[in-house]
Every structure is written in C-alpha cells, then in structure tokens.
Amino acid sequence: MNKFNPAFIVRENIKKLSPYQAKEIPCKIKLDANESPFPVKLSDFISEVNIPLNRYPDPEALKLRKALAKKMKISYTNIMIGNGSDELIYYLILTFGGPVLYPIPTFAMYGIIAQSVGVKKFESKLDSDFDINEEEMINLIKTEKPRLIFISSPNNPTGNTFSTDKILKIIDTARKNPSIVVIDEAYQPFCSDRGFLPFLKDFDNLAILRTLSKIGLAGLRVGYLIGNENLLSEANKVRLPYNVDVLTQYIATAALSKFYAQIKNFITEIVKERIRLQKELSKIKGVTVFPSEANFILFKVKNSQNVYTKLIKSGILIRDMSSTIKNALRVTVGTKEENKEFLKVLNNILGG
Ligand SMILES: *Cc1c(COP(=O)(O)O)cnc(C)c1O
C-alpha cells in the first residue's frame with residue numbers, strides 16, 4: 001500500500017498556515033501572555049481542587065489526552081481534543097474542505113457545518129433497513145470526489161450500526177480517491193460490537209470521533225478525534241489554541257480515573273433499560289420499534305405529531321423526527337422510573 005499523504009488534499013490557505021505555537025516553558029515569574037499574576041484558584045470555590053484560573057489551560061490538553069489514551073490502549077499522539085465533537089467536525093471540514101459526503105438521515109451537524117464553511121455536500125439515502133446504500137456511496141466517492149465522508153455508527157437518529165463490510169469497502173475506495181472517512185462513534189459505549197478502533201492500523205485515511213457527551217458529561221463539552229498523527233497535525237493547524245478550558249480538562253481527566261467505574265455502571269444501566277424499553281415499546285399496539293445500539297430508540301406511530309404533543313402535555317419531552325422520517329419519534333433512554341412513566345403515558349395515548 002502506498003503512503004497516504006493528507007497534506008495532498010489540504011486546502012491552499014491551510015497549507016500555508018502554521019499551528020499556533022504555545023509551548024509551556026516553566027518560569028517562576030511569568031509575564032509573557034498578558035495574564036493576571038494574582039492566583040485565582042478553583043479551590044477558592046470548590047475544596048480539594050487546585051486549579052490556577054488566572055492562567056490559560058494546557059493548550060495541548062496532555063493529561064486528558066493521556067487519560068483517554070490509556071483507556072483505549074493507544075498513544076496520546078493519536079488523539080485530538082475538541083470542545084465537543086462538533087468542534088472537531090468543524091475543524092475537519094475547515095481543514096480538508098469539501099465536498100462532504102454522508103448517508104441520511106443522520107446527525108445534522110455534518111450538513112450544517114459543511115454549509116457554514118461553504119463546501120458542497122452530498123447525501124446518500126439509507127436503504128429500508130437504515131443501512132448504507134453501498135453502491136450509491138461508492139459511486140458518489142468516485143464521481144464527486146468528496147474530501148470527507150462522515151458516517152455515524154451507531155447512527156443518530158436511527159439507532160442502528162451500519163454493516164462493517166460496507167464501511168470497510170467505503171474506506172478502501174475513499175483511500176484511493178483520496179478522501180478521509182470519519183466514523184462518528186458518539187454512541188459506541190452503548191454498542192455491542194467493537195467499532196472501528198481496531199481498523200485504525202489498517203487505514204491511514206480513517207479517523208474516529210468520540211465524545212464524553214453521551215456518557216454523562218455533555219455539559220463539559222469534550223469530544224475527541226482519533227487518527228494518525230499526520231492527519232491530526234493538519235487539523236491541529238485550525239484548532240483554536242485554548243479550545244478546551246482548564247476546568248473541563250481537569251474534570252474530564254478526573255472523571256476518567258476516579259469516576260470511571262461509575263460512568264461504566266451508568267452505561268450498563270442504560271443498555272439494560274434500552275433493551276427493556278425496546279421490548280415494552282414493541283408490545284404497544286400501533287408502535288413500530290427499530291433496533292438500537294445507542295442510548296435512544298427510534299419508533300413510529302400512526303400520528304406522530306399528535307402523540308408528540310400529547311406526551312408534552314403529560315410532561316414528557318421526546319424528539320419529533322417526522323420531518324426526516326415519516327411519523328417517527330426518538331426517545332432517549334432515561335432512568336427506570338422515567339422510562340416507566342413514558343411507557344404508561346404512551347400506552348394511554350395510544351389507547352392500550
Ligand atoms: C450528540 C452527537 C454528537 C455531539 O457530540 P458533542 O461532543 O456533544 O459535540 C456528535 N455526533 C453524533 C452522531 C451525535 O449524536
């Protein structure tokens with residue numbers, strides 16, 4: 001296999017750009033960055049924690065990257081942190097440009113960001129099983145020459161994973177193009193198969209997106225991109241120097257050590273509840289449930305608008321997906337009690 005060179009497909013204005021240099025040189029008196037010298041520490045507000053708020057966060061987010069690397073048994077040099085994975089999607093499109101290709105229905109941000117950046121986008125409809133239309137995707141790769149292909153697996157809002165074989169064929173075709181395939185694994189922690197981390201060593205045009213948002217830390221805004229160093233260093237050029245703040249870095253790093261067992265327990269509980277919710281939903285007359293490997297379930301009813309509004313009247317807010325999939329609703333898996341209440345109300349609405 002010949003060497004894949006991401007620099008080849010970087011936009012002209014990015015090729016000439018150098019990443020912001022912010023080396024941390026330890027000095028006793030630090031007067032170089034227009035910071036306040038008066039210590040403001042988080043420990044002034046929260047006991048135990050000692051973070052100097054008058055200083056900028058580590059621009060490299062080293063501790064957090066190392067903590068993540070340890071969990072995934074990879075090198076921290078293969079990880080880039082974003083202010084949520086949204087920011088990383090933005091960086092990728094800003095760096096490699098368009099056209100951008102993705103199957104639909106899917107996560108809205110690929111299209112929104114492509115449009116904001118001003119690049120062309122191509123959308124390929126999923127088949128009736130919500131799997132990838134392989135032939136169409138391959139054709140679009142060959143004819144439209146996308147620079148980036150986004151594949152959310154498990155997919156939001158459908159909840160299923162796509163066929164691994166189809167994705168591997170897409171990555172292989174994309175490599176010759178050349179284009180980068182980004183597998184968005186936001187829901188991987190809830191998924192029964194192992195995802196695409198094991199394939200990273202086989203494909204240097206493959207990158208994987210993950211996030212802490214769906215496993216309990218959405219407020220922190222931590223997403224991470226996993227890929228080879230050449231690819232990351234191109235995207236790193238457009239990264240804003242302090243895109244992940246000091247509290248986020250601290251709390252996320254701590255969460256991956258001290259609270260990791262708790263996070264894992266929560267994930268296990270959500271998966272258990274998802275399976276139960278799926279089973280219970282399928283028992284309700286007039287409900288069509290789709291299989292899910294995520295922390296939400298897509299289902300169809302006869303009059304989704306009506307059901308959606310009635311649920312709100314009973315104090316339950318779910319997501320109306322009917323504008324993208326006819327009569328479809330998406331419910332996030334909640335606590336046992338929340339799910340119970342949801343099922344009860346839905347049953348009443350549908351006259352069960
Ligand atoms: C929720 C979601 C994200 C957003 O992740 P953040 O890290 O919160 O920005 C990314 N991709 C998919 C498919 C999602 O559903």
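How much of the chain over residues 88-113 is helix and how much is strand, and how far apart are the end C-alpha atoms? Before I answer, please keep in mind that what we are looking at is a predicted model. Over that stretch the chain is 54% helix and 19% strand, and the C-alpha atoms at its two ends are 11 Å apart. I picked residues 88-113 since UniProt, in an unreviewed entry, lists them under "transmembrane region", and I would like you to hold the record and the computed values side by side.

Let me move now to the ligand. There are 14 residues around the ligand, and those that come nearest are Asp184, Tyr187, Thr211, Ser213 and Lys214. If we sort the shell by class, we find 4 nonpolar, 6 polar and 4 charged residues.

Three of these side chains deserve a slower look. For tyrosine 187, a polar side-chain atom lies 2.5 Å from an oxygen atom of the ligand. Serine 213 likewise places a polar side-chain atom 2.6 Å from a ligand oxygen, and for threonine 211 an N or O atom of the side chain is 2.6 Å from an oxygen atom of the ligand. Taken on its own, the ligand has 390 Å² of accessible area, and the protein covers 93% of that.

Next comes lysine 214, which the UniProt record, again an unreviewed entry, annotates as "modified residue: N6-(pyridoxal phosphate)lysine". In the model, lysine 214 sits in the loop between β6, residues 206-211, and β7, residues 223-226. Is lysine 214 buried or exposed? The careful reply is that lysine 214 is partly exposed, because its relative accessible area is 30%, which falls between the 20% and 50% cut-offs. Apart from neighbours within four places in sequence, lysine 214 is in contact with Ala186, Tyr187, Phe190 and Asn295. With one of these, tyrosine 187, the lysine 214 side chain makes a side-chain to side-chain polar contact at 3.2 Å.

Finally, let us turn to glycine 195, which is found in the loop between β5, residues 180-184, and β6. Glycine 195 has a relative accessible area of 10%, so we call it buried, the cut-off being under 20%. Leaving aside neighbours within four places in sequence, glycine 195 is in contact with Glu185 and Gln188. Glycine 195 is also 12 residues from isoleucine 183 in sequence, while their C-alpha atoms are 8.9 Å apart in space.

Key. Residues are numbered from 1 along each chain as its sequence is written. This is a predicted model: local features need pLDDT of at least 70, side-chain atom pairs count only at pLDDT 80 or more; totals for chains, interfaces and linings use all residues. Side-chain values use heavy atoms; hydrogens and water are left out. A residue is near a molecule or strand if one of its heavy atoms lies within 4 Å of it. A polar contact is a pair of N or O atoms within 3.5 Å; within protein, one must be able to donate a hydrogen and the other to accept it, and residues adjacent in sequence count only if both atoms are side-chain atoms. Accessible areas come from the Shrake-Rupley method with a 1.4 Å probe; for residues, only the protein chains shown count as cover. Ala, Val, Leu, Ile, Met, Phe, Trp, Tyr, Cys and Pro count as nonpolar, Asp, Glu, Lys and Arg as charged, and the others, Gly among them, as polar. UniProt positions are given in the numbering used here, feature names are shortened, and annotations may be inferred rather than shown by experiment. Helices (H or I, at least four residues) and strands (E, at least two) are DSSP runs, numbered from the N terminus. Buried means under 20% relative accessible area, exposed over 50%, partly exposed in between (1.4 Å probe, protein chains only). Contact means heavy atoms within 4.5 Å.
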